[in-house]
Amino acid sequence: MTTIEIVQKLWNLCNVLRDDGITYHQYVTELTYILFLKMAKETGTESKIPKGYRWDDLTEKDGKELHKFYRELLLKLGTEGKNRVQQIYVNAHTDIDEPKNLKKIITDIDKLDWYSAKEEGLGNLYEGLLEKNAYEKKSGAGQYFTPRPLINAMVQLIRPQLGERCGDPACGTFGFMIAADQYLKRQTDEYFAEGITTEQQEFQRRQAGPGPRCCCLSCRSWSP
């Protein structure tokens, strides 16, 4: 199953939450909290999530117990999660009122084939969902979503160079920074082209952009 197919299946689950009055924008947020747990399990990075609050702990519960546990889980990860886990879940809450709807989303996500997502990363899923949200007229989100082809075109016109610091004061999902890094890697054979020094490589990895300090989901393939 490709990432595009996974995104479409995830987007279709939005219909499940209509009875709860969940908007498209809220749905992307709700889904992100759940997807983070699933991808941590799929990629073997659950060690940074407190024991007792991981994916399998979520799937084994049902009904009101599940709803209560999920609210507790969001609070726990937002206060006791490690590093980026805590940054993602800080002040997290859910607007899903019906336990059966929450269970439906968790169950359907658990059934998906996640091989493609494991290889390409949660960032691509997140961006795909944002794109769906932007193109949905009812959501009104098109005003803040920049399509990937446009981002790539703008980066090619700007032509970032080795040794330059990149910045985006209107940064949302870090798309321009990711595209700038990818552009430079293509130009320099992943920063290993002839003549590139160790100091230059280190600068590009750690200082050229604010990636290590960014907590948005798109700026990393998967690194909780």
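## Buried face of helix α1 and salt bridges

In helix α1, which spans residues 3-12, the buried residues are T3, I6, V7, L10 and W11. Around the axis they cover an arc of only 135 degrees, and they therefore lie on the same side of α1. A general property of this kind of helix is relevant here: an α-helix has 3.6 residues a turn, so residues three or four places apart point the same way. The model discussed here is a predicted one, and side-chain atom pairs are counted in it only at pLDDT 80 or more.

The remainder of this report concerns charged side chains. Side chains of opposite charge can pair when their charged atoms come close. A search of the whole structure finds eight salt bridges, and among them are the three pairs set out in the table below, each with its N to O distance.

| Pair | N to O distance | Location |
|---|---|---|
| K41 and D56 | 3.3 Å | helix α2 (residues 24-42) and helix α3 (residues 55-59) |
| D181 and K185 | 3.1 Å | helix α10 (residues 175-187) |
| R206 and E202 | 2.5 Å | helix α11 (residues 198-206) |

The salt bridge of K41 with D56, in which the closest N and O atoms are 3.3 Å apart, links distant parts of the chain, since K41 belongs to helix α2 and D56 to helix α3, with their positions 15 residues apart in numbering. K41 counts as partly exposed because its relative accessibility is 32%, and D56, at 40% relative accessibility, likewise counts as partly exposed.

The other two pairs of the table each lie inside one helix. D181 and K185 are both found in helix α10, four residues apart, which is about one turn of that helix. D181 has a relative accessibility of 25% and therefore counts as partly exposed, while K185, with 27% relative accessibility, counts as partly exposed. In helix α11, R206 and E202 are also four residues apart, about one turn of the helix, and their side chains meet in a salt bridge at 2.5 Å from N to O. Where relative accessible area over 50% is the cut-off for exposed, R206 is exposed because its value is 56%, whereas E202, with a relative accessible area of 35%, is partly exposed.

Beyond these pairs, which residues are linked in a network of salt bridges? The network is made up of K38, E42 and D110.

Note on methods. Residues are numbered from 1 along each chain as its sequence is written. This is a predicted model: local features need pLDDT of at least 70, side-chain atom pairs count only at pLDDT 80 or more; totals for chains, interfaces and linings use all residues. Side-chain values use heavy atoms; hydrogens and water are left out. Buried means under 20% relative accessible area, exposed over 50%, partly exposed in between (1.4 Å probe, protein chains only). Helices (H or I, at least four residues) and strands (E, at least two) are DSSP runs, numbered from the N terminus. The arc is that of the directions from the helix axis to the C-beta atoms. A salt bridge is a side-chain nitrogen of Lys or Arg within 4 Å of a carboxyl oxygen of Asp or Glu.
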